[in-house]
Amino acid sequence: MLASLRGCLASADGDWWRALLYGQLISLFVTGTGICSQLLAQKYGVDIPTTQSFLNYLLLAIVYSIVLFGVRRENFWTILKQKTIFYLPIAFVDVEANYFVVKAYQYTSITSVMLLDCFTIPVALGLTWFFLKTKYNWRHLLGVVLCLGGLGTLVYDDAIKNGSNNPGSNPLVGDLFCLLAATLYAVSNVGQEATVKKFSREEFLAMIGIYGTLINGVQLVILERDEIPKIQWSGPVIGLMIGFSAFLFAMYSVVPYMLRLSGSTLFNLSLLTSDAYAVIFGIFFFSKVPSWLYFVALVIIVVGLLCYNVRNEPVSAVTPEEQPSRNGYDQICDEGSESKKELSDVEAASSSSSGQEASQKDGINIQGHEVVL
């Protein structure tokens with residue numbers, strides 16, 4: 001028993017470090033998509049946000065369909081008939097979220113986009129409270145208020161001060177696009193949370209890829225069919241487009257595995273570093289140092305997120321039987337304990353039965369005890 005417990009604890013430590021590594025990878029992937037989008041918008045004048053996301057959804061559809069239908073032999077038509085009602089709305093919202101966040105780079109800076117993305121948290125809080133009946137306490141609410149205060153400070157810096165330190169053409173419009181994208185991401189994330197609890201991660205990614213490709217393709221034809229021929233498809237432009245899709249595909253692929261290894265606390269805290277990465281890479285690639293109000297907003301938002309997350313998990317409304325374990329190894333340990341308990345009960349019952357039989361054979365009736373004469 002002690003050996004099994006030590007094994008579970010050692011494995012949990014390994015999971016914690018892997019989750020931390022996944023979190024930083026996701027943070028770098030998010031920053032990578034931002035850098036590619038900013039360079040395409042400001043250096044090469046590329047304004048085709050739908051086209052930028054198309055390859056990502058196509059890759060998700062191809063890769064995870066092979067896993068789901070080729071390796072696991074799932075029935076495509078059954079999933080299509082029974083679960084389209086779940087996946088189609090989530091895919092639509094996800095496509096529009098990617099559209100507006102990429103569009104925001106036409107008007108504002110990478111540092112503003114990365115920081116304004118934190119608006120996803122208060123929106124997700126409201127949605128999970130209303131639809132999933134998740135319970136929050138005053139620390140969560142205080143964290144949300146601080147985040148909103150930081151976001152307001154940043155919007156003030158971009159709008160009232162006319163974005164003197166923001167290289168975008170219209171920072172206020174860019175900020176509004178980013179807030180809209182963050183709201184749509186929150187809707188998509190809550191839908192993903194509710195869906196993944198019912199279905200597999202591979203199925204979710206495959207179906208989001210399939211429906212996202214269809215929706216994205218239709219939107220591309222409607223909105224950007226005249227813009228694509230005007231673009232000068234040079235090597236750097238093609239490379240940045242591929243880089244954007246690769247970063248986005250990697251982010252979509254890693255997020256479910258990180259959430260399997262850790263809870264939302266480590267995930268949200270890991271994403272905080274994307275704001276710092278945005279400042280560093282923004283200075284390096286765009287030679288722009290944010291104003292002092294940006295750093296004030298960053299500090300306020302970091303404090304708010306720490307208040308929301310650290311040792312302060314929201315309480316899910318699901319019953320203990322339905323509550324998912326924090327990581328896979330907790331479940332393994334619990335299952336191991338239950339199995340040993342069941343085995344012990346069986347052995348005890350067997351011993352009791354044997355004792356009674358032996359006692360009756362020798363003419364001695366002693367309940368539950370074996371007496372050797």
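These legends accompany close-up views of three helices, H2, H3 and H8, in a predicted model.

**View 1. Helix H2 meets helix H8.** Here we look at H2, residues 49-71, beside H8, residues 201-224. Their axes come within 7 Å and cross at roughly 150°. Angles over 145 degrees count as roughly antiparallel, so H2 is roughly antiparallel to H8. The crossing of this pair, H2 and H8, is left-handed. If you list the residues of the contact between H2 and H8, you will find 16 nonpolar, 10 polar and three charged.

**View 2. Helix H2 passes helix H3.** Now keep H2 in the picture and turn to H3, which covers residues 76-104. The axes of H2 and H3 come within 11 Å, with a crossing angle of roughly 150°. H2 and H3 are therefore roughly antiparallel to each other. As for handedness, H2 passes H3 in a right-handed crossing.

**View 3. The kink in helix H3.** Follow H3 along its length and you will come to a kink of about 75°, centred on Lys83. The end-to-end span is worth a look too: between its end C-alpha atoms, H3 spans only 36 Å, while a straight helix of 29 residues would span 42 Å at 1.5 Å a residue.

**View 4. Asn75 at the start of helix H3.** This last close-up shows a contact between a side chain and the backbone at the start of H3. A side-chain oxygen of Asn75 reaches to within 3.1 Å of the backbone nitrogen of Trp77.

Technical notes. Residues are numbered from 1 along each chain as its sequence is written. This is a predicted model: local features need pLDDT of at least 70, side-chain atom pairs count only at pLDDT 80 or more; totals for chains, interfaces and linings use all residues. Side-chain values use heavy atoms; hydrogens and water are left out. Axes are lines fitted to C-alpha atoms, for helices over the stretch in contact, and angles run from 0 to 180 degrees between N-to-C directions. Helices (H or I, at least four residues) and strands (E, at least two) are DSSP runs, numbered from the N terminus. Angles under 35 degrees count as roughly parallel, over 145 as roughly antiparallel, 65 to 115 as roughly perpendicular and the rest as oblique. A crossing is left-handed if the near helix is turned anticlockwise from the far one by less than a right angle, and right-handed if clockwise. Ala, Val, Leu, Ile, Met, Phe, Trp, Tyr, Cys and Pro count as nonpolar, Asp, Glu, Lys and Arg as charged, and the others, Gly among them, as polar. The expected span of a helix is 1.5 Å times one less than its number of residues. The bend at a residue is the angle between axes fitted to the seven residues ending there and the seven starting there. A polar contact is a pair of N or O atoms within 3.5 Å; within protein, one must be able to donate a hydrogen and the other to accept it, and residues adjacent in sequence count only if both atoms are side-chain atoms.
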